[in-house]
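These are my notebook entries on one structure, written down in the order in which I looked things up. I begin with a pocket, go on to aromatic rings, and end with a few residues in loops.

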Amino acid sequence: MASIWVGSRGTIRDYPGFSPSVDAEAIHKAIRGLGTDEKTLISILTERSKAQRQLIAKEYQAAYGKELKDDLKGDLSGHFKHLMVALVTPPAVFDAKQLKKSMKGAGTNEDALIEILTTRTSRQMKEISQAYYTVYKKSLGDDISSETSGDFRKALLTLADGRRDESLKVDEHLAKKDAQILYDAGENKWGTDEDKFTEILCLRSFPQLKLTFDEYRNISQKDIEDSIKGELSGHFEDLLLAIVHCARNTPSFLAERLHRALKGAGTDEFTLNRIMVSRSETDLLDIRAEFKKHYGYSLYSAIKSDTSGDYEITLIKICGGDD
């Protein structure tokens, strides 16, 4: 049920007694002074909600005639810079830029595409599409179309449309019907009818899908994951498995992504920054709990052992505590 209580399982909340002009001035001083006062930047930007950070950015622009993000870019460097800029970027614009980055240059970062498109609500997807068009003067759909292909493309385009049902009501009759359709489209026939998988998994609400997966198990004596692995392949398979994981437990899916970003040689800062910033007011507490449950150590300790300097301090503040 975690996904329903949006906004109540975050680590960052509105700052009481908030004054955008006081904050903008303090940030300006921190940037403009001799040497940057990173401590002030971190404490302000990690202790204000995203709505408040947008007001600070507005105020900053009005008072100093420059964009806060540009001043941060000019003054900071490395992963710390990327993280601070992410914090002052409007969420829909941030996601749009992450999607663009995933599709730019040689090769496509399918994992990032999958993660963003499976974890955002329909309303968020509509805002992201608008932001994408505003920033790049191209539609998100056109870019997805030219960078991907086949059933993977079709499913991504369906998700990008933001047409997933968001209602919390579940329909048992529909769940039985959909489960049978999935069974007939995969296990029960020679060859697979991919379109049926795309249609049901990309358009039904997460609570509805959960019920459908239970019914599927009753019909086929198999978990839907096993059928997908047996019937499908490649990025399309990865995408559908991601949807199933998110429908069952979005925080668990994101905890797994964070674990992958933090383990092994080198850190995947692209993923780390995106999840920490984008989930800080939604379900980061749940993600932390899932992380600890699955891996036996806390997200906090994983960040501490894998990052350093101001970058580490900022991530730890967003993380909000040890488990």
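**Entry 1: a pocket and its lining.** Before I looked at the pocket, I noted that the domain bounds I use come from an automatic or database domain assignment, and that lining residues are those with an atom within 4 Å of a point of the pocket. I also noted that the model is predicted.

Where does the second largest pocket lie with respect to domain 1 and domain 2? I found that domain 1 (20-88) and domain 2 (91-161) both give residues to the lining, so the second largest pocket lies between them. The space in this pocket comes to about 360 Å³. Its lining is made up of 16 residues, and I wrote down His-82, Val-85, Phe-94, Gln-98 and Lys-101 as those that lie nearest the centre.

I then looked up which helices take part, and found that α4 (68-75), α5 (78-88), α6 (91-103) and α16 (269-278) each supply at least two residues of the lining. The helix that gives the most is α5, with 5 residues. Sorted by character, the lining has 6 charged, 5 polar and 5 nonpolar residues.

**Entry 2: aromatic rings.** Next I turned to the rings, where the count comes to 5 aromatic pairs. One of them is formed by Tyr-132 and Tyr-136, with 4.9 Å from centre to centre and 55 degrees between the planes, and this pair is tilted. Both residues belong to helix α8 (residues 122-136), and because they are 4 residues apart there, about one helical turn separates them.

Is Tyr-132 buried or exposed? Tyr-132 has 0% relative accessibility and therefore counts as buried, whereas Tyr-136, at 24% relative accessibility, counts as partly exposed.

I looked at Tyr-183 and Tyr-216 next: their ring centres are 6.5 Å apart and their planes stand at 75 degrees, which is why I entered the pair as edge-to-face, the word used for planes over 60 degrees apart. Since Tyr-183 is in helix α11 (residues 172-185) and Tyr-216 is in helix α13 (residues 206-220), the pair ties together parts that are 33 residues apart in sequence. Tyr-216 is buried, with a relative accessible area of 0%. I also noted one aromatic cluster, formed by Phe-291, Tyr-295 and Tyr-297.

**Entry 3: charges over rings.** Tyr-136 came up again here, as the charged end of Lys-100 sits over its ring, 5.0 Å from the ring centre. I found a second case in Arg-274, whose charged end sits over the ring of Phe-270, 5.0 Å from the centre of that ring.

**Entry 4: residues in loops.** Which phi does Lys-137 have, although it is not a glycine? I read a positive phi of about 55 degrees for Lys-137, which is placed in the loop between α8 and α9 (140-147). Lys-137 is exposed, with a relative accessible area of 58%.

Gln-221 is not a glycine either, and I noted for it a positive phi of about 60 degrees. Gln-221 is found in the loop between α13 and α14 (224-231), and at 59% relative accessibility it counts as exposed.

The last residue I looked up was Thr-267, in the loop between α15 (234-262) and α16. Its relative accessibility is 18%, and because buried means under 20%, Thr-267 counts as buried. I closed the entry with the C-alpha atoms of Thr-267 and Lys-66, which are separated by 32 Å and belong to residues 201 residues apart along the chain.

Terms used. Residues are numbered from 1 along each chain as its sequence is written. This is a predicted model: local features need pLDDT of at least 70, side-chain atom pairs count only at pLDDT 80 or more; totals for chains, interfaces and linings use all residues. Side-chain values use heavy atoms; hydrogens and water are left out. On a 1 Å grid over the protein atoms alone, a cavity is a set of points where a 1.4 Å probe fits but cannot get out, and a pocket is an open set with protein on both sides within 12 Å along at least five of seven lines; lining residues have an atom within 4 Å of a point. Grid points are joined across faces, edges and corners, and a volume is the space filled by probe spheres set on the points. Ala, Val, Leu, Ile, Met, Phe, Trp, Tyr, Cys and Pro count as nonpolar, Asp, Glu, Lys and Arg as charged, and the others, Gly among them, as polar. Rings of Phe, Tyr and Trp (its six-membered ring) pair if their centres lie within 6.5 Å; planes under 30 degrees apart count as stacked, over 60 as edge-to-face and the rest as tilted. Buried means under 20% relative accessible area, exposed over 50%, partly exposed in between (1.4 Å probe, protein chains only). A charge sits over a ring if NZ of Lys or CZ of Arg is within 6 Å of the ring centre and within 35 degrees of the ring normal.
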